[in-house]
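Biologist: Please take one close look at the charged side chains that pair up here, and go through one group of them with care, including how far each partner is exposed or buried.

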Amino acid sequence: MKKRIKASDIKETVAKAIFAMAACFAVLSVAAIIIYLLYAGIPAFRETGVGNFLFGTAWAPGYDGPASEKFGILPMIVGSTIATGGALLIGGSLGVAVAVFTVYFCPKKLKKPLVQAVSVLAGIPSVIYGYFGLKQIVPALASISPTGNGTGILAVSLVLGIMILPTVASLAKDALLAVPEAYHEGALALGLTKEQSVFKVLIPSAKSGVMTALGLGIGRAVGETMAVIMVAGNTVQFPKGLFEGFMTLTGNIVMDMSYASGVHRSALVATGFVLLVFILILNGILYSIKGRRAQDADKKSFRMNVPVAEKSAGFKGRTAYAFAVCGAAFTKTFNACADAADRAKKAVGTCFTKAGAAFSGAVSKATRAFSGSCKDENGAYVYRTKTAYCRFLKYLCVAGAAVMVAAIAYLIGFIIVKGVAAFTQIGFADFLFGESGSGKNSLAPAFVSTGALIGIALAVALPIGICAAIYLVEYAKSGSKVVKAIRLFTDTLSGIPSIVFGLFGVIVFNDALGLGYSLLSGGLTLAVMILPTIVRSVEESLINVPTAYREASYALGAGKLHTIGKIVLPCALKGILTAVVLSIGRIVSESAALLLTAGSVKNMPKNIMSPGSSFAVMMYMFASEGLYMNEAYATALTLIVIVVAINALVFAIKPEKEKKSERKKQSGRI
């Protein structure tokens with residue numbers, strides 16, 4: 001008789017296949033982005049030549065005809081590199097200093113407000129940073145510039161440095177918290193001071209995590225667009241000084257994409273492809289650092305569990321036996337050598353003793369001369385270890401935290417003061433909810449457009465992200481190559497700059513699917529952007545569901561699919577809501593990708609096929625036109641309020657288990 005197939009088995013198989021396809025979506029997305037950008041950039045590479053394109057110094061889109069077209073991006077590569085280096089010097093060093101202060105030196109009462117301040121700084125949209133730089137940093141630099149020009153490398157480095165500071169600080173803090181507390185206790189037991197144990201033991205132990213934080217900061221600085229074009233000067237030339245205008249790779253794409261066509265448009269896509277390749281290389285380096293750290297941990301674990309390995313059967317058992325035989329032979333040889341060494345030591349013991357006494361006396365004299373020793377009441381020497389250098393580093397960390405707090409206070413205070421004054425002049429209700437058009441400006445179209453973008457993006461990305469997370473946690477084998485590949489591509493997708501997503505949206509959604517500038521095109525682009533955030537957040541929440549809940553459900557006769565739907569997902573609901581709120585925050589803050597896909601209009605959209613502007617895009621239009629300063633300040637204040645509300649909501653709905661874990665980690669540091 002043929003074995004009957006149960007309906008439940010069919011459901012399980014179909015569900016597993018759906019979850020697996022959702023998990024592979026990140027892999028397909030990364031592959032599609034690379035392929036489409038390369039395909040669209042081939043005409044520029046073919047016409048110009050790869051070498052001339054990468055190392056050419058002239059960018060002439062052919063205003064006098066195709067024959068005059070020249071596309072060389074070397075000045076933009078140099079400008080982006082220098083600006084990123086300046087941002088890393090400012091934001092990277094301050095971010096690490098803030099992390100060290102938060103973990104080791106910050107008073108307990110100030111830790112929570114400081115961590116929340118970092119979160120707020122990380123959530124502020126880039127267009128606000130750019131506007132702040134345009135109105136505050138650029139005029140201040142112009143007053144000290146020999147040319148009277150405040151735009152350029154220094155302005156961009158300062159703005160990008162402030163932007164990447166929270167990213168570096170948050171990730172470096174996590175790396176420092178991961179260092180075992182026993183390292184600190186052991187350093188103190190050996191006589192080191194607190195400052196010495198921090199800077200000579202704990203920070204070197206977290207070196208790989210800190211380097212990863214700096215690498216991700218570099219990725220964000222390289223891919224930033226809106227803030228850069230507001231303060232860079234946007235002149236295609238090699239940077240000649242700190243106060244000379246220049247162009248970055250991302251700025252060039254946004255400045256020309258709206259009117260480019262033919263080879264010019266292909267050259268812009270090729271620029272995005274070059275930027276994507278750089279980011280992929282950077283992500284590969286960071287992944288290799290993580291891989292080496294994991295391999296070191298595995299090696300330590302192997303050395304600690306050799307007896308267990310010797311009991312394994314098959315090839316492993318024979319290999320372990322061979323190692324054991326070699327070890328026995330080595331032990332015998334070592335013992336023979338040790339006996340010979342003992343005999344030699346006894347023969348020349350007198351010489352060693354005299355030499356040791358002489359050397360000890362010399363060391364004592366040198367120590368008394370240079371270590372600042374003094375005598376106690378009994379006349380014995382008491383040595384004081386010099387800690388001035390480590391104390392100096394501690395004060396630098398305190399100063400870094402103070403600088404960050406001052407920057408946050410000044411930025412938010414500036415926006416609040418200017419925004420309240422702007423609302424007073426233009427009217428609170430009229431600007432937020434009034435009609436737009438016929439010379440009147442209002443944020444009502446931005447409310448509708450942003451809501452539509454959020455709805456479209458979540459409707460597409462949330463089911464895919466949840467299904468992918470379910471496959472990774474509930475079905476895939478832990479540590480398998482498939483899981484590692486999916487997580488690698490998911491992390492890669494999260495590290496791609498938003499301007500590259502915008503180019504992908506233009507090629508696929510606007511052109512290939514014929515959607516044009518529309519809210520639907522922008523929403524689909526955002527869905528690909530927020531997918532890794534949803535996958536990672538939901539995955540963590542599913543992992544935190546106790547295994548006992550699943551085992552109890554299986555013991556009662558429930559199947560795997562029923563257990564996931566009735567037990568696991570309800571327990572992970574807070575984590576899923578956290579993913580939704582974080583995704584909304586990303587959508588509200590996004591501007592560069594939406595400029596290329598959803599358009600930039602001030603009118604009320606009629607439907608999802610109409611172009612529309614989110615809050616960030618609307619603010620960029622107000623600021624770039626230079627005619628609506630009050631509207632720009634009011635929009636900035638509205639964005640700040642939304643960002644603070646989203647951060648508060650994330651903290652409120654975060655699972656209590658994660659809150660307790662964070663509090664335990666932070667309170668455990670002295």
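Modeller: In what follows, a residue is called buried when its relative accessible area is under 20%, exposed when over 50%, and partly exposed in between, with a 1.4 Å probe and protein chains only. This is a predicted model, in which local features need pLDDT (the predictor's confidence in each residue, from 0 to 100) of at least 70 and side-chain atom pairs count only at pLDDT 80 or more, while totals for chains, interfaces and linings use all residues. Residues are numbered from 1 along each chain as its sequence is written, and side-chain values use heavy atoms, leaving out hydrogens and water.

The mean pLDDT of the chain is 82, and 81% of its residues reach 70 or more. A search of the whole structure gives seven salt bridges, each being a side-chain nitrogen of Lys or Arg within 4 Å of a carboxyl oxygen of Asp or Glu. The group to examine is a network of salt bridges that links R487, D491, R536 and E539.

Within this network, D491 pairs with R536, their closest N and O atoms lying 3.1 Å apart. This pair links distant parts of the chain, since D491 belongs to helix α20 (residues 481-495) and R536 to helix α22 (residues 519-543), 45 residues apart; helices here are DSSP runs of H or I, at least four residues, numbered from the N terminus. D491 is partly exposed at 28% relative accessibility, and R536 is likewise partly exposed at 27%.

R536 also forms a salt bridge with E539, with 3.2 Å between the closest N and O atoms. Because R536 and E539 are three residues apart in helix α22, about one helical turn separates them. E539, at 1% relative accessibility, counts as buried.

How values were computed: Helix = DSSP H or I, 4+ residues; strand = E, 2+ residues; numbered from the N terminus.
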